[in-house]
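Please work through the following exercises with the model open beside you, trying each task before you read its solution.

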Amino acid sequence: MALALIVGILFYASRDRETGRGQAMTVAPTEPAPSLQPPPVTADWPRWGVTHTQYSADNETPDVTEAASHLLDRVPMLQNQHIMGWGAGNPEPAPGQYDFRDLDRRVKFMAQSKSIPVLTLCCAPDWMKNGSEGRTDWTRIEVAPQRDHFDDYAKLAATVAKRYPTVKHFMVWNEFKGFWHNSRNEWDAAAYTELYNKVYTALKAVNKDIKVGGPYIPIDSNVTAGPRSELTGPWGTVDQRTLDAIQYWLKNKKGADFIIIDGSSANKDKGLVPDEFTALGKFSAVTNWVRRESNDLPVWWAEWYVETDGSDWDENRRVAVQAAAMMEFASSGVTTALYWNPQRKAGGTDQTCPGCLWQPGTGRELPMAGIISGFTKWFPAHVTLEDVTASDPRVKVLAQPRQLVMVNTTNTKLTVTVDNQEFQLNPYEVKWSDRGA
């Protein structure tokens, strides 16, 4: 009987975890921390990068993984991964019992593809938010940890930092998820800041050279007149409650190495106003406001979006708007802009993968990969920009001494003069040109 009991215990202890809603998760012993290649040394902060989501190169076959790795490592850029969700399982299903298998795989891929790695400290295990130990209900991924578990979350953050010593940049939480105060109809900036300060302290205790930022709050805007806002433009009006939350965090944070925001150029009520290219002015306006209010802390856009749901854009138009958005980030002095890579599962019913960097299942390069590589190479954070315009204002231009990039914002062929040269641009074409410096 004793032997049968031991066999039974070993059988149940060895079962793979399950990650469906409400399913029990057997906690595997934590494997040794992976051996990671150090990040590449770059002449300047790359500025541009990508966030891995539910499906990425580490979920593909080896040949696709290798192809995707090449797309990312040809110009070293930032790569970001959340510690729970978006491709990573629950890192601490029960107190003090860790499962870093998914996160290890992602972080190893990031290192192998020569990234400057970033980790987003989101989200929280169920037991920190009134859930069950050893279980993961993924429908509650957006629930914040309870206040009496803020210390536990800070401890988890420190555990992650110790496990991956090559990661020196951490974003705290994601879009204020779970930090909305229903009775006051506003963001609970005080609760978020309390969590942030505990995580900040814990990370700095691991390594004082770790860089930490917040508040990673979404910058929503509307066209319809609402409460007074100190930030408005032809693209819409920012929700003042968001600006108030940022100001609270700035006043009460324990410290910060950078400030994080995210958002869409589209308004919540009227979409893209007055059009998809003019609406991009929101990115510059918000960046300038944040730089001013924060005494010029480095500004990070953790996510940025330029398209409304259900749009009928083809890939040329989509990439043109995204490239124009990146011009706004560069010209307004954004330090970091991370592209939310919408990769899909290989073999799924829809393999068009709009906006993706590579084709699922094949690794074939898609247009946005070249855009990100080009901006990373030619427009890092501290590059000197030069004022170059096109003879036709419908063509946007961003230039530095050695290179420029142009975007045709119309669905029409255009002939323009830029930098004393004549160019033919197809509808929505993004074109690069060597300036010969």
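**Exercise 1: the largest pocket**

Strand 14 (299-305), helix 8 (315-331) and strand 15 (336-340) each supply at least two residues of the lining of the largest pocket. The model is a predicted one, in which local features need pLDDT of at least 70 and side-chain atom pairs count only at pLDDT 80 or more, while totals for chains, interfaces and linings use all residues. Residues are numbered from 1 along each chain as its sequence is written, and side-chain values use heavy atoms, with hydrogens and water left out.

Task: describe the lining of the largest pocket by its residues and their classes.

Solution. Begin with the term: on a 1 Å grid over the protein atoms alone, a pocket is an open set of points with protein on both sides within 12 Å along at least five of seven lines, a cavity is a set where a 1.4 Å probe fits but cannot get out, and lining residues have an atom within 4 Å of a point. The elements named above are DSSP runs, numbered from the N terminus, with helices (H or I) of at least four residues and strands (E) of at least two. Next, the lining has 15 residues, and Y305, V306, E307, D309 and Q322 are those that lie nearest the centre of the pocket. Sorted by class, the lining holds seven nonpolar, five polar and three charged residues, where Ala, Val, Leu, Ile, Met, Phe, Trp, Tyr, Cys and Pro count as nonpolar, Asp, Glu, Lys and Arg as charged, and the others, Gly among them, as polar.

**Exercise 2: the second largest pocket**

Task: find which strand gives the most to the lining of the second largest pocket, and place E175 in the chain.

Solution. The second largest pocket is lined by 17 residues, and E175, P218, D220, S264 and K268 lie nearest its centre. Strand 13 (residues 258-264) gives the most to this lining, with three residues. By class, the lining comprises four nonpolar, five polar and eight charged residues. E175 sits in the loop between strand 6 (169-172) and strand 7 (180-181), and E175 has a positive phi of about 55° although it is not a glycine.

**Exercise 3: two helix pairs**

Task: decide whether helix 8 is roughly parallel or oblique to helix 9, and do likewise for helix 5 and helix 6.

Solution. Helix 8 and helix 9 (residues 367-378) pack at an angle of about 20°, with their axes 10 Å apart. Helix 8 is therefore roughly parallel to helix 9. From helix 8, E315, V319, Q322, A323, M326 and M327 make the contact, and from helix 9, P367, M368, I371, I372 and F375, where contact means heavy atoms within 4.5 Å. This contact has nine nonpolar, one polar and one charged residues.

Helix 5 (residues 189-206) and helix 6 (residues 240-252) pack at about 40°, with their axes 9 Å apart. Helix 5 is therefore oblique to helix 6. The axes are lines fitted to C-alpha atoms, for helices over the stretch in contact, and angles run from 0 to 180 degrees between N-to-C directions; those under 35 degrees count as roughly parallel, over 145 as roughly antiparallel, 65 to 115 as roughly perpendicular and the rest as oblique. A189, A190, Y192, T193, Y196 and N197 in helix 5 meet A245, Y248, W249 and N252 in helix 6.
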